[in-house]
Amino acid sequence: MLSFAVLVPVNWTAGETLEHIEDLTFSNIDRLSISNVPSGSQRFWAHVMMAYVFTFWTFYILYKEYKTISTMRLHFLASENRRPDQFTVLVKNVPPDPDESVDEHVEHFFRVNHPDHYLSHQVVYNANKLAELVEKKKSFRNWLTYYQTKYERNPVKKPKIKTGFWGLWGKSVDAIDYYMTEIEKLGKEEAEEREKVITDPKAIVPAAFVSFKSRWGAAVCSQTQQSRNSTNWLTEWAPEPRDVYWDNLSIPYIQLAVRRLLMAVALFFLTFFFMIPIGFVQAFASIDGIKKVLPFLKSLIEMDVVKSFVQGFLPGIVLKIFLILLPMILMTMSKIEGFTSLSSLDRRSASKYHLFVIVNVFFGSIITGAAFQQLQRFLDQSPTEIPKTIGVTLPMKATFFITFIMVDGWAGIAAEILRLVPLVMFHIKNTFLVKTEHDREQAMDPGSLNFSVSEPRLQLYFLLGLVYSVVTPILLPFIIVFFAFAFMVFRHQIINVYDQKYESGASFWPDVNRRILIGLGISQLLLIGLLSTKDTAKSTPLLIVLIVLTIWFHKLCKGRFESVFVKFPLEDAVVKDTVERTTEPNFNLKEYLRDAYLHPVLKMVEFEVPKEIDEENNPLVATKRTTQRSSKTVSNGTAEDGL
């Protein structure tokens, strides 16, 4: 409302500045933008004033939202029902010990250093091969159920199967007998692998989930340094059991640093080389652009149908195709970096995707779009005129972004509520993959909200709104419509459709807040660059003040609120523990946590969890040598069965 009330009249009544620039491609929308204001005009002070208004409004809304969400998070943690992760800490980089196994070393360390609060622990097993066997056996059981059902419906003819690749060739055998034989064979392999996991010390990785008698004990352990060597005994809050990404628990500290360095380099090259297709796409952002780059297509694009399609949908559609495979690539890179929970993988992938969106979709669309649209002008004019042309072209890209908002934003929200892709995928799975009712239930799984893709996409629209609120206000209604529909649709989907994989307790909000401030800073920098081409050097110091204020506000929010999202207040932990001890004095916490952090595949094969040594029977902390000797007594019992 402020943009339309103040800036649209200022821009529209500034005269006919654009007509005086030779060979410049522009539309009527550009008359409402800052481009229509002549260089050196006093009207630019209205834009500077509105930049201050939008900046302080953004500060107010973000601070208010940060305060509200932090309060809601603390209330959620205080009122939440008992969960295993509230009492458990993930310990990584357990150092090797020549006298003790990993299991014994973990128990000894925490009995010594947390004698009053340590309860139990669960070492992490490398059960990847066992998981493959279990999954393969599960698939064969599904096929056996399918062929048995098929034979019961038509007992006259026994089903046959070819033993070659994908059942396309090879020897033809009885399908039921074949799968029964294979399942029996896999059962023996599974038993052997399970025994290997139980007995082989190398199957235990240097990591463990350590549980405490109280939330207070877990909070103290997770938020303090455990050893002089800061690379050993690394502790952090354990993810909830369904949030654990088991494959990355055993990566050493140094290897983690190397992996993340390599992925940072890979992300740089991925981002850089994607500029090439983005630049090619922007060549087709308008009819005039195609005429200048590909003049031999002039007769074809003059046709009404082709012209409408090219102008309205082609740029957004082609750009969307380029971005389809990107989230999968970024998620793979995050897994290589070694994050240990699904939520942290989502957060990291969202950071990568946000960077990619800023560099390629936003800056790539502005810079390369300007280069293609004004190619002839760049070749004919002197180099000193190029910054001025780019400055004029920045607000003119609003036309492309309006189209992008309609194609990617509006259509994307419509696709979200219709869920056409999941519907088609269900029918494909139902036709070719579903063999049992269990398979059909899995095929109907609605999935969860893909935070690593959805949040950076929303951030792009925040960025567009912040940048063009001062430059081209006509773009704002399109963004408002997008956010209105997105709010209604995603609210409905989260409540009624999605089955969330984990509960984060709003821990993603600091990232969201920071990215909005990054968008605000980018909008201020671009406004400085734009006004520098308009002979308004006096406004630059005032806009630099806004950038300084934005950095100060980020530090203010970080210091004031961020600790709530990464730490658990000891005061709240004590209150929660006291209430539970009063209301449930006989609750068996050790039994509750007994197999909470056992590898899922070991639960599936009925893995026997070792029983912990009761602290009541061992009140004194043993030395290493005593622990080693006493473990031999147990070795013929539960130790060999599970430890």
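Is Ser214 buried or exposed? Here are some friendly notes to help you find your way around this predicted model, beginning with that residue.

1. **Ser214 and its cover.** Ser214 has a relative accessible area of 7%. The cut-off for buried is under 20%, so Ser214 counts as buried. To find Ser214, look in the loop that runs between strand 5 (204-212) and helix 6 (215-222).

2. **What touches Ser214.** Set aside the neighbours within four places in sequence, and Ser214 is in contact with Phe87, His117, Asp577 and Arg581. It may help to show these side chains together on your screen.

3. **The sheet beside this loop.** Strand 5 belongs to an open sheet of four strands, whose order is 2-5-1-6 and whose pairing is antiparallel. Strand 2 and strand 6 (234-237) are at the edges; each has a single partner strand, so one side of each lacks a neighbour in the sheet. From one strand to the next, the twist averages 25 degrees.

4. **Strand 5 and its two partners.** On one side, strand 5 pairs with strand 1 (residues 88-92) in the antiparallel sense, over five bridges. Strand 2 (residues 118-125) also runs antiparallel to strand 5, and seven bridges join these two. Strand 5 is mostly covered, with eight of its nine residues buried.

5. **Landmarks across the strands.** Val210 in strand 5 is a handy place to get your bearings: Val89 stands opposite Val210, and so does His121. For another landmark, look at Ile204 in strand 5, which has Tyr125 opposite.

6. **The helix after the loop.** Which strands does helix 6 touch? Helix 6 packs on the sheet and touches strand 1, strand 5 and strand 6. The direction of helix 6 makes about 130 degrees with that of strand 6. Ser214 lies in the loop leading from strand 5 to this helix.

7. **A nonpolar patch on the surface.** Now turn to another part of the model. Leu261, Val265, Phe268, Phe269, Phe272 and Phe273 make a nonpolar surface patch of about 640 Å². One of these residues, Phe269, lies in helix 7 (residues 253-273).

8. **Phe269 next to the cut-offs.** How does Phe269 count, at 41% relative accessibility? Partly exposed covers the range between under 20% and over 50%, so Phe269, at 41%, counts as partly exposed. Ser214, by contrast, is buried at 7%.

Technical notes. Residues are numbered from 1 along each chain as its sequence is written. This is a predicted model: local features need pLDDT of at least 70, side-chain atom pairs count only at pLDDT 80 or more; totals for chains, interfaces and linings use all residues. Side-chain values use heavy atoms; hydrogens and water are left out. Buried means under 20% relative accessible area, exposed over 50%, partly exposed in between (1.4 Å probe, protein chains only). Contact means heavy atoms within 4.5 Å. Two strands pair if DSSP finds at least two bridges between them. Patches are made of residues with over 30% relative accessible area and no salt bridge: like charges are joined within 9 Å, nonpolar side chains (Val, Leu, Ile, Met, Phe, Trp, Tyr) within 5 Å. Accessible areas come from the Shrake-Rupley method with a 1.4 Å probe; for residues, only the protein chains shown count as cover. A salt bridge is a side-chain nitrogen of Lys or Arg within 4 Å of a carboxyl oxygen of Asp or Glu. Axes are lines fitted to C-alpha atoms, for helices over the stretch in contact, and angles run from 0 to 180 degrees between N-to-C directions.
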